[in-house]
Amino acid sequence: MPNPLIAKLEQFTHLSDDDRAALQNLVAEPLRCYRPGTDIVSEGDDPKVVRLVLAGWAYRYKQLPDGRRQVVALFLPGDLCDHTVFVLSEMDHSIGALGAVTLVEIQPATFETLMADHPRVTRALWWEGLVSAAVQREWMLNLGRRSAGERLAHVFCEVFYRLRGIGLTQGTTCDMPLTQTDLADLIGMTPVHVNRVLQMLRRQRLVELKGRRLTIPDLPTLEKAALFNPNYLHLDHVGARFDAVGQHPAAAARYGA
């Protein structure tokens with residue numbers, strides 16, 4: 001099965017053939033499939049493995065005793081559900097499947113060997129971890145300071161950029177399996193309010209949603225409406241100085257490789 005983690009990490013640095021082969025070997029680990037709406041791991045569980053999403057969308061969430069839920073992260077194909085989580089004694093959050101999800105469960109020893117033997121992969125994972133932290137900061141800003149319309153538009157922009165980075169967009173269109181309830185739990189509003197805001201974005205011809213597909217007719221205009229700056233995603237080959245030798249001559253010359 002193709003490993004979308006390779007495409008994701010190559011947004012940060014260009015990997016060698018050996019690096020890519022080692023990452024591809026990860027999908028030889030046990031595959032697990034989850035139905036929509038089921039938990040992949042629950043708060044309080046012992047996190048024994050590293051999970052890599054291969055297909056479908058998952059989400060990290062926290063839930064109050066009365067059932068109120070806050071979605072705090074989205075996992076798209078190529079995302080690791082925390083590559084160091086196995087050092088904890090128990091999960092402090094839950095991860096659920098938005099739609100049908102296929103993932104690979106990687107044993108900690110396998111992952112540690114990969115990082116020890118492939119330093120470029122390790123560096124790329126450092127960048128990936130920093131980007132994940134940057135996304136969390138942006139989500140905090142979204143909840144605390146953006147208006148309802150800006151919040152929803154911002155989610156659509158971010159998802160589109162992340163999917164485009166791993167080759168999962170088709171022109172101006174991408175998957176959007178998030179229901180209005182999911183969006184409400186993500187941006188801190190009620191489903192009714194989300195519906196109103198979504199209708200407003202549609203009337204303004206900023207987005208089109210049909211059959212769980214999102215179309216953005218004019219991305220720069222949607223970015224302006226969302227006050228969206230993609231710099232926090234760091235998709236501009238920020239790890240170029242760690243590129244595999246011989247893969248990018250211009251970058252090698254620039255950094256003295």
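**Exercise 1. Which element gives the largest share of the lining of the largest pocket?**

*Solution.* Keep in mind as you work that this is a predicted model.

Step 1. Begin with the space itself: the largest pocket holds about 470 Å³.

Step 2. Turn to its walls. The lining is made up of 26 residues, and those nearest the centre of the pocket are Lys 8, Asp 79, Glu 128, Ser 132 and Arg 162.

Step 3. Look for elements that give two or more residues to this lining; they are strand S5 (69-75) and helix H4 (119-145).

Step 4. H4 provides the largest share, with seven residues.

Step 5. Finish with the chemistry: the lining residues of the largest pocket divide into 14 nonpolar, six polar and six charged.

**Exercise 2. Describe the second largest pocket by its volume, its central residues and the classes of its lining.**

*Solution.* Step 1. The volume of the second largest pocket is about 230 Å³.

Step 2. This pocket is lined by 15 residues, with Gly 56, Trp 57, Pro 77, Leu 168 and Asp 175 closest to its centre.

Step 3. Sorting the lining of the second largest pocket by class gives nine nonpolar, three polar and three charged residues.

**Exercise 3. Find the cavities of 30 Å³ or more and say what lines them.**

*Solution.* Step 1. Count first: there are two cavities of 30 Å³ or more.

Step 2. The largest cavity has a volume of about 50 Å³. Around it you will find Leu 74, Trp 139, Asn 142, His 154, Val 155, Glu 158, Val 159 and Leu 186.

Step 3. Assign these residues to elements. H4 and H5 each supply at least two of the lining residues of the largest cavity, and H5 gives the most, with four.

Step 4. By class, five residues in the lining of the largest cavity are nonpolar, two are polar and one is charged.

Step 5. Now take the second largest cavity, with about 30 Å³ of space. Its lining consists of Arg 51, Cys 81, Asp 82, Val 85, Met 91, His 93 and Ile 95. Four of these are nonpolar, one is polar and two are charged.

**Exercise 4. Work out how helix H5 packs against helix H8, and which residues make the contact.**

*Solution.* A reminder before starting: two packed helices are described by the angle between their axes and the distance between the axes.

Step 1. Locate H5 at residues 148-165 and H8 at residues 219-226; their axes come within 8 Å and cross at roughly 135°.

Step 2. At that angle, H5 is oblique to H8. The crossing of H5 past H8 is left-handed.

Step 3. List the contact residues. H5 brings Glu 150, Ala 153, His 154, Phe 156, Cys 157, Phe 160, Tyr 161 and Arg 164, while H8 brings Leu 219, Leu 222, Glu 223, Ala 225 and Ala 226.

Step 4. Sort the residues of the H5 and H8 contact by class: nine are nonpolar, one is polar and three are charged.

**Exercise 5. Is H5 roughly perpendicular or oblique to H7?**

*Solution.* Step 1. H7 covers residues 191-203; it packs against H5 at about 75°, with the two axes 10 Å apart.

Step 2. Angles of 65 to 115 degrees count as roughly perpendicular, so H5 is roughly perpendicular to H7.

Step 3. On the H5 side, Ala 148, Gly 149, Leu 152, Ala 153 and Phe 156 take part, and they meet His 193, Val 194, Val 197, Leu 198, Met 200 and Leu 201 of H7.

Step 4. The contact of H5 with H7 has nine nonpolar, two polar and no charged residues.

**Exercise 6. Repeat the analysis for H6 and H7.**

*Solution.* Step 1. H6 spans residues 180-187, and its axis lies 8 Å from that of H7, at a packing angle of about 100°.

Step 2. H6 and H7 are therefore roughly perpendicular to each other.

Step 3. The residues in contact are Gln 180, Thr 181, Leu 183, Ala 184 and Ile 187 from H6, together with Pro 191, Val 194, Asn 195 and Leu 198 from H7.

Step 4. Six residues of the contact of H6 with H7 are nonpolar, three are polar and none is charged.

Key: Residues numbered from 1 in each chain as written. Predicted model: local features only at pLDDT ≥ 70, side-chain atom pairs only at ≥ 80, totals over all residues. Heavy atoms only, no water. Axes fitted to C-alpha atoms, helices over the stretch in contact; angles between N-to-C directions. Parallel < 35°, antiparallel > 145°, perpendicular 65-115°, else oblique. Left-handed = near helix turned anticlockwise from the far one by under 90°. Contact = heavy atoms within 4.5 Å. Nonpolar A, V, L, I, M, F, W, Y, C, P; charged D, E, K, R; others polar. 1 Å grid on protein atoms, 1.4 Å probe; cavity = no way out; pocket = protein on both sides within 12 Å on 5 of 7 lines; lining within 4 Å. Points joined across faces, edges and corners; volume = space filled by probe spheres on them.
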